[in-house]
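Here are a few short exercises to work through with the model open beside you. Try each one before reading its solution.

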Amino acid sequence: MSGETCLHQLHPQTGPIVPVSPVACPKTKTCSYRGAVGLGNKYVRLNVGGALFYSTLQVLTRQDTLLKSMFSGRMEVFTDKEGAAFKCCQHKLLCLGWILIDRCGKHFGTVLSYLRDGVVTLPKSRQGVQELLAEAKYYRIQGLVDLCQHALQDNKEKALCVIPVITCPKEEERLIQGCTKPVVKLLYNRSNNKYSYTSNSDDNLLKNIELFEKLSLSYNGRVLFMKDVIGDEICCWSFYGQGRKLAEVCCTSIVYATEKKHTKVEFPEARIYEETLNALLYETLPVPDNSLLEATRRRAHCCSHSEEDEAVELRERVRRIHIKRYSTYDDRPLGH
């Protein structure tokens with residue numbers, strides 16, 4: 001006989017098994033779990049949004065929740081085509097199919113763990129806790145609801161990094177002089193241009209901004225990153241250590257075409273990475289190790305210097321790197 005035929009059904013009043021004539025049953029059947037409390041520790045098969053679970057009626061009916069209403073006979077439950085048939089085994093009822101619950105099964109295992117033990121390990125992410133909170137509210141598990149709400153209040157997500165935006169030169173000077181960490185500043189002001197841009201300049205400008213955001217996340221806590229939107233340049237990186245400027249990378253240049261000029265924005269990614277790492281040499285106080293600074297010098301010293309001359313040189317030495325300018329008309333170099 002096929003599994004889609006009901007052989008017995010539960011009497012609505014007394015609960016014993018009453019044989020009935022075989023009738024065709026739909027694939028999804030609504031039935032009552034009245035009398036199921038007597039099952040004790042018998043396992044129940046649950047299909048929650050396609051995820052399959054096993055649990056006992058003792059766990060499911062332990063607290064006054066929606067699950068207790070479902071499995072104590074107070075409300076009807078849905079089963080698959082096999083769950084429409086019941087059989088008697090030593091005067092106890094056994095469900096042969098899967099109980100269907102139309103919810104996402106992602107966090108149902110956590111719900112069962114809480115019902116079993118009264119405690120549970122919450123998801124690490126804030127989004128995961130919020131998803132679990134929604135499931136706890138649906139199943140009316142007040143203890144789990146309170147646990148999730150307390151976790152969301154205590155572990156509010158903080159900003160990964162704070163990037164100040166420069167609005168005046170005095171503010172920039174105050175931030176640089178008052179910071180004990182190296183400083184990396186990106187100046188970008190696309191509107192500060194009297195020529196048209198080349199075809200790929202906008203893409204390169206966005207790449208510079210994306211690299212700035214990537215570096216700010218990677219070196220958060222070690223380097224102070226700032227944005228400047230009021231400077232004279234269009235796109236320029238500046239690097240500071242111990243209150244003084246160390247290097248500057250200008251990413252814009254003028255290119256010449258027939259009877260007109262264009263502004264070109266470059267993306268010197270390797271150079272920016274190099275200068276950022278060089279700025280990390282000034283991460284600690286007092287003055288960094290001279291052997292480390294020597295590796296970043298642009299010219300070799302042929303003669304010895306006094307300590308005073310060395311200090312003056314450290315204050316005045318700024319590496320300014322500009323992109324080579326080429327003509328788009330005949331590709332002849334025009335200088336640096």
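**Exercise 1.** How are helix 4 and helix 5 oriented to each other, roughly parallel or roughly antiparallel?

*Solution.* This is a predicted model, in which local features need pLDDT of at least 70 and side-chain atom pairs count only at pLDDT 80 or more, while totals for chains, interfaces and linings use all residues. Residues are numbered from 1 along each chain as its sequence is written, and side-chain values use heavy atoms, leaving out hydrogens and water.

Start with the geometry: helix 4 (residues 126-138) and helix 5 (residues 142-154) pack at about 155°, their axes 9 Å apart. Angles over 145 degrees count as roughly antiparallel. Helix 4 and helix 5 are therefore roughly antiparallel.

Next, find the contact (heavy atoms within 4.5 Å): residues including L132, L133 and A136 in helix 4 meet residues including L144, V145 and C148 in helix 5. The residues of this contact divide into nine nonpolar, two polar and two charged.

**Exercise 2.** Which residue forms a salt bridge with K245, and is that partner buried or exposed?

*Solution.* Apply the criterion first: a side-chain nitrogen of Lys or Arg lies within 4 Å of a carboxyl oxygen of Asp or Glu. K245 pairs with E248, with the closest N and O atoms 3.1 Å apart. Then check accessibility (buried is under 20% relative accessible area, exposed over 50%, partly exposed in between, with a 1.4 Å probe and protein chains only). E248 is buried at 14%, whereas K245 is partly exposed at 23%.

**Exercise 3.** Which residues are linked with K185 in a network of salt bridges?

*Solution.* The network links K185 with E172 and D228. For the overall count, the structure holds ten salt bridges.

Methods
Axes are lines fitted to C-alpha atoms, for helices over the stretch in contact, and angles run from 0 to 180 degrees between N-to-C directions. Helices (H or I, at least four residues) and strands (E, at least two) are DSSP runs, numbered from the N terminus. Angles under 35 degrees count as roughly parallel, over 145 as roughly antiparallel, 65 to 115 as roughly perpendicular and the rest as oblique. Ala, Val, Leu, Ile, Met, Phe, Trp, Tyr, Cys and Pro count as nonpolar, Asp, Glu, Lys and Arg as charged, and the others, Gly among them, as polar.
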